[in-house]
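Thanks for making time this morning. I would like to walk you through one structure, so please have a look at it before I start talking about its parts.

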Amino acid sequence: MAIFYSLRNVGVSMLLWVLVSCVCVLGRPATFLQDFRITWSDSHIRQIDGGRAIQLILDQNSGCGFASNRQYLFGRVSMKIKLIPGDSAGTVTAFYMNSNTDSVRDELDFEFLGNRTGQPYTVQTNIYAHGKGDREQRVNLWFDPAADFHTYTILWNHHHIVFFVDEVPIRVYKNNEARGIPYPKLQPMGVYSTLWEADDWATRGGLEKINWSKAPFYSYYKDFDIEGCPVPGPATCASNPTNWWEGATYQALNAMEARRYRWVRMNHMIYDYCTDKSRYPVTPPECVAGI
């Protein structure tokens, strides 16, 4: 569901104007084609329940992908996803935001790395700011993400970027521009998702290869929800401090979120680039500043 202007910020008269002029998509959940388009292999994406859910397919012929119809500058994006069950080694299901620029790319990544049957699913997050990435963190999910749908969310405002799994924050990247650390805030980003083969790196560093006898592989999406400032759109939207995602409630983790965040990092994080001395003998500055 794409909401271009937060309804929490408008009065009754403005709300009536919005309803009459159909600026907003108010139905929840929205259908896939209201907000997205297929970008790769339309034969491998199937709409379910009148487009309220979709199935992504990976086989030996192709993977597939889709993207939002518009780009956004700040806001919140979430989807409910059910991942590939069973032996999913070598597959990657990705949900991310991307500025679709080359040398100065901004990008916020969820990448779900498949594994052998019975082994935990790993979610890798990464952040590109002003063209610089290589900020990977990996967390083993504490539930079976193929048994049911779970909500994956990216919150992006002027204060921080937070990756959520259901209501649990698994990653925080603070805006430390005052310390000279890049932060994505100038380029709008689209919302993307892909299902693809990556058995050269995805599972145990490429040691576990994809088992094509288990193909086709399926992942499922529903409840597409985008709330943010569309670009092109009102020039003042992204800098408007009254946007709900810029409010005091969303400028830092609350006490419960902070406890959950610490719990994830203590019990389920399996890789953090900040502590990888083989890659970074000198700790990256954003790690020193605090993430």
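When I speak of a strand here, I mean a DSSP run of E with at least two residues, and the strands are numbered from the N terminus. With that in hand, glutamate 107 can be placed in strand 8. Please keep in mind throughout that this is a predicted model.

Let me first give you the overall picture. The protein has four helices and 16 strands, and 53% of its 291 residues are buried. If we take the contacts in the protein with a separation of 6 or more, 67% of them come from residues 24 or more positions apart.

Eight of the strands form an open sheet, and reading across it the order is 2-5-14-7-8-9-10-16, with antiparallel pairing. At its edges are strand 2, residues 36-40, and strand 16, residues 269-272, each of which pairs on one side only. From one strand to the next the twist averages 15°. In general terms, the strands of a sheet pair through backbone hydrogen bonds, either parallel or antiparallel. Within this sheet, strand 7, which covers residues 91-98, pairs with strand 8 over seven bridges in the antiparallel sense, and threonine 93 stands opposite phenylalanine 112 of strand 8. Over at strand 16, helix 3, residues 255-267, lies across both that strand and strand 10, and the helix runs at about 85° to strand 16.

Now I come back to strand 8, and to the record. An unreviewed UniProt entry carries the annotation "active site" for Glu107 and Glu111, and both glutamate 107 and glutamate 111 sit in that strand. Are these glutamates buried or exposed? Glutamate 107 has a relative accessibility of 8%, and because buried means under 20%, it counts as buried. Glutamate 111, with a relative accessible area of 14%, is buried as well.

What does glutamate 107 touch, once its neighbours within four places in sequence are left aside? The contacts are Tyr96, Met97, Asn98, Asn126, Ile127, Tyr128 and Met189. For asparagine 98 there is something further to report, namely a polar contact of 2.3 Å between its side chain and that of glutamate 107. Glutamate 111, with its sequence neighbours set aside in the same way, is in contact with Val92, Thr93, Ala94, Thr122, Val123, Gln124, Trp196 and Trp201.

The same unreviewed entry type gives us another site: the UniProt annotation "glycosylation site" covers Asn115. Asparagine 115 lies in the loop between strand 8, residues 107-113, and strand 9, residues 122-128. In this model asparagine 115 is buried, because its relative accessible area of 15% falls under the 20% cut-off. Beyond four places in sequence, asparagine 115 touches Gly86, Asp87, Ser88, Ala89, Pro120 and Thr203.

A second loop, the one between strand 2 and strand 3, holds serine 41 and aspartate 42. Serine 41 is buried at a relative accessible area of 19%, whereas aspartate 42 is exposed at 56%. The side chain of serine 41 makes a polar contact of 3.3 Å with the side chain of serine 62, and serine 41 also touches Gly63 and Cys64. Aspartate 42 and cysteine 64 are 22 residues apart in sequence, and their C-alpha atoms are 7.2 Å apart in space.

Turning to the interior, it is a general tendency in soluble globular proteins that nonpolar side chains are buried together. Here the largest nonpolar core has 59 residues, and those with the most contacts inside it are Phe66, Met79, Leu108, Phe110, Tyr152 and Trp156. Strand 6, residues 71-82, gives the most to this core, with six residues. There is also a second, separate core of eight residues, including Ala67, Val92, Tyr96 and Ala202.

Finally, a word on one hairpin. Strand 12, residues 160-165, and strand 13 pair in the antiparallel sense over six bridges, and valine 165 has valine 168 of strand 13 as its bridge partner. Two residues separate the strands in this hairpin, and there aspartate 166 takes a positive phi near 55°. Strand 13, residues 168-174, is mostly covered, with six of its seven residues buried.

How values were computed: Residues numbered from 1 in each chain as written. Predicted model: local features only at pLDDT ≥ 70, side-chain atom pairs only at ≥ 80, totals over all residues. Heavy atoms only, no water. UniProt positions renumbered as here; feature names shortened; annotations may be inferred. Buried < 20%, exposed > 50% of the residue type's maximum accessible area, 1.4 Å probe, protein only. Contact = heavy atoms within 4.5 Å. Pairing = 2+ DSSP bridges. Axes fitted to C-alpha atoms, helices over the stretch in contact; angles between N-to-C directions. Polar contact = N/O pair within 3.5 Å; in protein donor to acceptor, adjacent residues only side chain to side chain. Core = buried A, V, L, I, M, F, W, Y, C linked by side-chain atoms within 4.5 Å.
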